[in-house]
Amino acid sequence: MAFRHRQEIDTLPSYKQGKPAPRVEGRRSFKISSNENPFNPLPSVKAAIADQALGVINRYPDMRGWSVVERLADETGVKVENIQLGCGSTEVITQLVNLVAGKGDEVVYPWRSFEAYPIIVTTAGATSIQVPLTAGGSHDIDAMIAAVNEHTRLVIVNNPNNPTSTSVSDGEVRRLLDSVPKDVLVLIDEAYVQFNTDACTCVGMDMFREYPNVVVAQTFSKAYGLAGLRIGYAIGPEDVIDGMRKVALPFGVSAAAQAAAVASLDAYDELADRVNTLIAERNRVVSRLREQGWVIPEPNANFFWLPLDGRTDRIARYFEDAGLAVRVFSGEGIRITIGEREANDLVIDVCARIHSIAYPEALSV
Ligand SMILES: Cc1ncc(COP(=O)(O)O)c(C=O)c1O
């Protein structure tokens, strides 16, 4: 049907959710396509949802999410006025873009990066300026600086970057912040911050404390394992947070998500053990694959990247056939989430079998 609408939406691809685990006869299969936490929810988190949220689902949730906001303020040492919640950090990023950028305005970000960025920017009516990553899958900070002009309203740093898992250094982000006009905001998207083991990494909260134009976005979806409940947050200057609140989806963050977030902060030691297990697994898998000869950018999230260019689609089907749903970026590469140990072992096995298909040139040397 022909209907009147915004033509720019037609240019957008729909967000592609990671595929579910494929069905393989007689064998266990795994979903390692969405950077989710493979561990089951903690009993204490489930109990908090049951005790505090299930009995009140006939009521709207606290729109400001005070229990979470006050707790985050205590933990980070910032004021409650500096914190805003959203349905996942996807929503706080959306709030920020809607606040600062509309028709004629530009948002600069690395590419390839988080797939929601182009959707959020175009939906706001603004223009994406996608700055290609370096050959090694890192942010090209000089090119990002060069892309900033009088139309720029926001620059996004994704640390570590999804899907390449590369970290952005403290020095690089300072260089960017020192170059960008002070009335242009810089968002540091740290969805995977708890997995970042790079000694030189930029720490978003340090930047927030030192620069007036920094907003940090973090989420309960990854390290805290609450992806299904949709809760994330931004920490930023008071007036920015105030503006974000005006454009937020009313009542977006459910009472269940708020109860689970506070219970997860209470259980952080237990969750940190899980994070450390996933980091150890990531390092184990990546070093085994490198021993096999795979080229992999240094990973700093709960996933890693196989840059395969034109070989991507050919390689992808071997994972699928083995019962592994991975994230395939046709013509670019494959992103693999660290999952259960059994899933990780299967990744190592599949990669050993297909190395010569991925790197046919290795056969001739
Ligand atoms: C880089 C990055 N930022 C933000 C998000 C948002 O996650 P959520 O909306 O679940 O908090 C994701 C999710 O995959 C991500 O990869």
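Ala, Val, Leu, Ile, Met, Phe, Trp, Tyr, Cys and Pro count here as nonpolar, Asp, Glu, Lys and Arg as charged, and the others, Gly among them, as polar. The model is predicted: local features need pLDDT of at least 70, side-chain atom pairs count only at pLDDT 80 or more, and totals for chains, interfaces and linings use all residues. Residues are numbered from 1 along each chain as its sequence is written, and side-chain values use heavy atoms, with hydrogens and water left out.

**Exercise 1. Describe the shell of residues around the ligand.**

Step 1. A residue is near the ligand if one of its heavy atoms lies within 4 Å of it. The ligand is surrounded by 13 residues, and Ser 89, Thr 90, Tyr 192, Thr 219 and Ser 221 are the closest.

Step 2. Sorted by class, the shell holds 3 nonpolar, 7 polar and 3 charged residues.

Step 3. Helices (H or I, at least four residues) and strands (E, at least two) are DSSP runs numbered from the N terminus. Helix 3 (residues 88-100) gives the largest share of the shell, 3 residues.

**Exercise 2. Find polar contacts of the ligand, then state how much of the ligand is covered.**

Step 1. A polar contact is a pair of N or O atoms within 3.5 Å; within protein, one must be able to donate a hydrogen and the other to accept it, and residues adjacent in sequence count only if both atoms are side-chain atoms.

Step 2. A polar side-chain atom of Thr 219 is 2.5 Å from a ligand oxygen. For the side chain of Tyr 192, the distance from an N or O atom to a ligand oxygen is 2.6 Å. For the side chain of Arg 230, it is 2.7 Å.

Step 3. Of the 390 Å² of accessible area that the ligand has on its own (Shrake-Rupley method, 1.4 Å probe), the protein covers 94%.

**Exercise 3. Characterise the largest pocket.**

Step 1. On a 1 Å grid over the protein atoms alone, a pocket is an open set of points with protein on both sides within 12 Å along at least five of seven lines; lining residues have an atom within 4 Å of a point.

Step 2. The ligand takes up the space of the largest pocket, whose volume is about 610 Å³.

Step 3. Its lining has 34 residues, with Tyr 15, Ser 34, Thr 90, Phe 114 and Lys 222 nearest the centre. By class, the lining of the largest pocket divides into 11 nonpolar, 14 polar and 9 charged residues.

Step 4. Helix 4 (116-123) supplies the largest share of this lining, 5 residues.

Technical notes. 1 Å grid on protein atoms, 1.4 Å probe; cavity = no way out; pocket = protein on both sides within 12 Å on 5 of 7 lines; lining within 4 Å. Sits in = over half its atoms within 2 Å of the grid points. Points joined across faces, edges and corners; volume = space filled by probe spheres on them.
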